[in-house]
Amino acid sequence: MPRRTLLLLAAILPVQVAGWIVPSWYPMILGISLAVVDAIGVHYLTRVARLGINVLPCRLAAVARGLGVGNAVTLTAWLAGAPAWLWWAAAATHIGGMALLGLSTVLGPLLRLSGPHRQAFAAEMVAVGAAGVMVVWFAGLDPALVSGRSAATWSIVGGLLTADLMLAMAIAAMLLRGMVNHWRDPITVLVTGMMLAILADTRWATTLPTGVERLVEPSGGALVVTAHLLLTLSPLMSASGIGSVTDRARRADPPRWVAYLPLGALVTGVALLLVVIVRTSGWLRWSGLVVAMAAMLAAVTFRYWISLRTSRARAGRDPETGLANRAGLKEALAAVVRGREPFAVLVIAVAEPRAQHRMSSILRRNVRADDLVARTGPATFGVLLTDAGVAGEATIAAQRILAAADDDEVRCSIGMAVARIGEPAKTVLRNAEIAMSHAVRSPASTFVVHELSMNDRRAVDAALAEALEGARQRDELSVVYQPIVDLATGRVVAAEALLRWRHPLHGAISPSAFIPVAERSGEIVGIGRWVLEQAVQQVAAWRAAGADLTVTVNVSPRQLQEPHLAREVLSVLDRAGVPAQSLVVEVTESAMVEEAVEVAALRRLRSAGVRIAIDDFGTGYSSLQYLTRLPVDILKIDRGFVARLDGTAEGAAIAEAVIRLAQILRLTTVAEGIETEGQAAELLALGSERGQGYLYSRPVEPGQVLALLEQQRDLAA
């Protein structure tokens, strides 16, 4: 901060001491001190406005402090023997300055909010203000009326208390928005100065007509000077960079008690009303309380009605974390688009999926109460921010989350997208996910703001994910089955369930294109559950037709992270009346290595009779020691190894090694991608029991599997 300005402000304090030593000098010293302090406040408030920080509120506050300069000058002149009307001018400028200062502070958050958030904030302010009116009426105006003081005195009391009411509403506004967090923050300094100003004005108003003498006494003057010093120090800190975006990044939600501020206002009003009713029965005496009480009740009711309406828009909840789920986030996005509110979306990816619960706690603590937090996948979260100044707020929120995650040793990557005019909600969410994919590339936790240049291949994937969302409901998805045969007899003994997607415009889309997209977006969880249900029901239908077949269903790495996977699989089997032995759950080798903690779910399935297969074995990076601890029944030999079979020892080396390992561990082997009789014969000679591939059948409809069985029976007969 500027050293000269700090020295000048610091010099105010010893000058006050000199005035205390010589009391006759103090009125003049007080007036000059206040004029200097308020003039410095005007200068730095103007500088803060030029920096683009809360421009209109800062300009209004500068005008308010300018009125303070006028108050100090006119009061000093009146004390020096100037005409009596200067006293009224001093009182008027002081009242106007304090009221305008409170209004400018309330105006800041009111301008930054929009839609229902602005309405809710206004309702909270009315509730607090109504309680303040009741206190002013009870503690100031009513005693002034009863005491028979002059109209001039009564008007001064009313003006002072009204100005203090605006300051009290400003303090409540900052508390309700969670802006008071650290004692070194400029806003905390501002709030403290406002509180001292209220105390000084109350001391003055309650002692009229001797209040002026109390004001210019050293004890009263010290309180006023301290209040104005703090009010000046706040913009000085902001203009010097203290309390900048970097510092605000660590701010948390408002304290829990702040949420009860409107309710506290209601209780205060009721208590005062009851006190007056008990003490007097005169209508004139408490009519103002009744009117204010009605206004407060209406405001509080309206505020909680808005909260109820907002909560309905956030009905979709994630059962594990209690946060909104992906569907809830989309509903909230649709609501803000309908309300034409400015908004931004943060998408947060946690590097370590096991840290998801810590991440959900971090997000709860470090976003505003009006922002929506959602768990969009096992290790991804979304935050919806609605605000007129949403770009700045989104940046602050991202930095705050990163700072808190760093403190909690959670590595995360954040993508941020701000809605452009007329941009659909889905596009904003997709842009945030694209930005997040760029942030993930960084070796450290960071956040990336979406730019149009990022919309390359990821935009195509995002469009594919969007089209995939309702594909199941539109009957675009289907399940086909590739037979698995006994290599020795050629008899069909099982079938692998395979997902297919036929888009109405683009035709058949390759699983290699849409499965990774579904995995990243989280859609794979619902789709995988649907495929399981279809496959198990098909096994029941085959059994009813006299075909005792086993079905193999792929479970993605994303599904393995679901906490209730085993329970859901067993429940599907139970509903269909299919024995667990008729189901094989197939997982990739890399998924089992990366998510070893999820093996517990597979152990539960295996203990119930469901068999476990490792797909594409040998293409991952698991160790043999790890393999011995896995709940595995079947090893599937990757098609790449099968394709190398050419009758030579070199071509058969890897396939033979896998088969020998399976024999040692007493596991069944299934070879994939068999296309020639030579490959089938070589696999059989090496000791593989089962196989699948185009040599036997392409993936076919369920009825064709039965037709193939019938054909084999006819040939055997």
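**Exercise 1. State what share of the protein chain is buried, and describe its overall make-up.**

Solution. Of the 717 residues in the protein chain, 52% count as buried. The model is a predicted one. Its secondary structure consists of 28 helices and 14 strands. Next, take the contacts with a separation of 6 or more: residues 24 or more positions apart account for 72% of them. Finally, the chain exposes about 32200 Å², and carbon and sulfur atoms supply 61% of that area.

**Exercise 2. Work out the strand order of the five-stranded open sheet and name its edge strands.**

Solution. Step one is the order, which reads β2-β3-β1-β4-β5, with mixed pairing. Step two is the edges: β2 (372-377) and β5 (446-449) each pair on one side only, which marks them as the edge strands. Step three is the twist, which averages 20 degrees from one strand to the next.

Now look at one pair within the sheet. Strand β1 (residues 343-350) and strand β3 (residues 380-386) run antiparallel and are joined by seven bridges. To find the register, start from L346, whose bridge partner in β3 is V383.

**Exercise 3. Identify the strands that helices α14 and α15 lie across, and give one helix-to-strand angle for each.**

Solution. Begin with α14 (residues 356-366), which lies across β1, β2, β3 and β4 (412-418). Its direction is at about 10 degrees to β3. Then take α15 (residues 390-407), which lies across β1, β3, β4 and β5. Helix α15 runs at about 175 degrees to β4.

**Exercise 4. Classify the packing of helices α13 and α16 from the angle between them.**

Solution. Two packed helices are described by the angle between their axes and the distance between the axes. For α13 (residues 326-338) and α16 (residues 425-439), the angle is about 125 degrees and the axes are 9 Å apart. An angle of 65 to 115 degrees would count as roughly perpendicular and one over 145 as roughly antiparallel. The pair fits neither class, so α13 and α16 are oblique to each other. On the α13 side the contact is made by R326, L329, K330, L333 and V337. On the α16 side A425, L429 and E433 take part.

**Exercise 5. Compare the span of helix α19 with the expected value, and say what follows the helix.**

Solution. Helix α19 (residues 523-544) has 22 residues. From first C-alpha to last it reaches 32 Å, close to the 32 Å expected at 1.5 Å a residue. After the helix comes G546, with a positive phi near 90 degrees.

**Exercise 6. Locate E409 and R666, give their phi values, and decide whether each is buried or exposed.**

Solution. E409 is in the loop between α15 and β4. It is not a glycine, yet its phi is positive, near 60 degrees. The cut-off for exposed is over 50% relative accessible area; E409 has 69% relative accessibility and therefore counts as exposed.

R666 sits in the loop between α26 (649-664) and β13 (668-671). Its phi is about 60 degrees, again positive in a residue that is not a glycine. With a relative accessible area of 76%, R666 is exposed.

**Exercise 7. Decide whether Q679 is buried or exposed, and list its contacts.**

Solution. Q679 belongs to helix α27 (residues 677-686). Buried means under 20% relative accessible area; Q679 is at 10% and so counts as buried. Leaving out residues up to four places away in sequence, Q679 touches V642, A643, L645, G673 and I674.

Definitions and conventions:
Residues are numbered from 1 along each chain as its sequence is written. This is a predicted model: local features need pLDDT of at least 70, side-chain atom pairs count only at pLDDT 80 or more; totals for chains, interfaces and linings use all residues. Side-chain values use heavy atoms; hydrogens and water are left out. Two strands pair if DSSP finds at least two bridges between them. Helices (H or I, at least four residues) and strands (E, at least two) are DSSP runs, numbered from the N terminus. Axes are lines fitted to C-alpha atoms, for helices over the stretch in contact, and angles run from 0 to 180 degrees between N-to-C directions. Contact means heavy atoms within 4.5 Å. The expected span of a helix is 1.5 Å times one less than its number of residues. Buried means under 20% relative accessible area, exposed over 50%, partly exposed in between (1.4 Å probe, protein chains only). Accessible areas come from the Shrake-Rupley method with a 1.4 Å probe; for residues, only the protein chains shown count as cover. Angles under 35 degrees count as roughly parallel, over 145 as roughly antiparallel, 65 to 115 as roughly perpendicular and the rest as oblique.
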